[in-house]
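Biologist: Let us go through the reasoning behind the labels on this model. Please keep the answers brief.

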Amino acid sequence: MRDVRFSNGAFCGIPRKENFSFASGTTYGCGGTARAAFFPRSEEEGTELYSALLKSGEKFCVLGCGSDVLAQDGFYDGYVLCTKNIKGIFPCGESGGEVALNVACGVTVGELLFFCKREGLSGLEFLAGIPATAGGLLFMNGGAGGKYIGQRVSSVRIFSDKRQELTAEECNFTYKHSTMRDIKCFISGAKLLLKRENTQIVLKKIQNYLSARKNLPRGRSCGCVFENYCGVSAGKIIENAGLKGAREGRAYVSGRHANFIINEGRSSSDVYSLICRVKSEVYEKFGVTLKEEVNYIGDFE
């Protein structure tokens, strides 16, 4: 079996899992297996591993919580760099009423908000309930209710062909987009700017956002599948196309929110077939081409 050849023997100490299951590593709960997954434990280790994988010429992907991801069925002949063990949150300065917070890519929304609640830091409460890591949020400029992580970014640490620290302006944050989506890179962490606030007020804001998310569909999904179209809700467009409840195999369009595709099986091909069907029928009826939020890992026909 082929394997990555590291120039530094220290990489042998990075935890790894052979025959990594995408079904257990993504919120859709489907897909096949990768040759192996690595679990680096620091930003430095993750960056060095990413560099080694690039140099190896092998196929690989980066995975956090596995939300907003659909992985191929069968065997993915490559590696996974999993960021879930790359943790770290600490204040790194305060000026003009704003606190700078260093956050590593593997920190989850839950971990980040717990820290903010404890320390009395406000500005990220809108993320409550989103199953994502900091790295994934930065990659997609994730958010909810018209608020996005990019609005709180001072800088982002990445590795492409070298280590860089991009300013917020260089990240080009727009709707569901960042510079990091346009280049092949590893997001290791970021500096966020937050406001001092009473801990009880922060807690109340978090609870309000969690309460607002209670009506979202249950079941295995990636959240919203498609981006909104020219300011119009993609869910509303799909609903108006008569596609609520549409089904392909064990995957179906939610009757509660039409921009959610719920997976009841183990096959990514069912989900992908339904995504293609929704795009096709929406285009036929309205001349609108929906763009996926979901990111694909591997090969889809």
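Biologist: At what angle do the axes of helix α3 and helix α7 cross?
Modeller: The model is predicted. In it, the axes of α3 (residues 109-119) and α7 (residues 199-212) cross at roughly 150°. They come within 7 Å.

Biologist: Why is α3 called roughly antiparallel to α7?
Modeller: Angles over 145 degrees count as roughly antiparallel. The crossing angle is roughly 150°. Therefore α3 is roughly antiparallel to α7.

Biologist: What makes the contact of α3 with α7?
Modeller: From α3 come L113, C116, K117 and R118. From α7 come T199, V202, L203 and I206. By class, five are nonpolar, one is polar and two are charged.

Biologist: How do you know that β14 pairs with β15?
Modeller: Pairing needs at least two bridges. Two bridges join β14 to β15 (residues 251-253), and the strands run antiparallel. E248 stands opposite A251 in β15.

Biologist: Why do β14 and β16 count as edges?
Modeller: The open sheet has the order β14-β15-β16. β14 (247-248) and β16 (261-263) each have a single partner strand, so one side of each lacks a neighbour in the sheet.

Biologist: What makes a residue part of the lining of the second largest pocket?
Modeller: A lining residue has an atom within 4 Å of a point of the pocket. The space in the second largest pocket is about 150 Å³. Its lining has 13 residues, and G25, G64, C65, C82 and K84 are the closest to the centre. β1 (16-21) and α1 (22-25) each supply at least two lining residues. By class, the lining has five nonpolar, six polar and two charged residues.

Terms used. Residues are numbered from 1 along each chain as its sequence is written. This is a predicted model: local features need pLDDT of at least 70, side-chain atom pairs count only at pLDDT 80 or more; totals for chains, interfaces and linings use all residues. Side-chain values use heavy atoms; hydrogens and water are left out. On a 1 Å grid over the protein atoms alone, a cavity is a set of points where a 1.4 Å probe fits but cannot get out, and a pocket is an open set with protein on both sides within 12 Å along at least five of seven lines; lining residues have an atom within 4 Å of a point. Grid points are joined across faces, edges and corners, and a volume is the space filled by probe spheres set on the points. Helices (H or I, at least four residues) and strands (E, at least two) are DSSP runs, numbered from the N terminus. Ala, Val, Leu, Ile, Met, Phe, Trp, Tyr, Cys and Pro count as nonpolar, Asp, Glu, Lys and Arg as charged, and the others, Gly among them, as polar. Axes are lines fitted to C-alpha atoms, for helices over the stretch in contact, and angles run from 0 to 180 degrees between N-to-C directions. Angles under 35 degrees count as roughly parallel, over 145 as roughly antiparallel, 65 to 115 as roughly perpendicular and the rest as oblique. Contact means heavy atoms within 4.5 Å.
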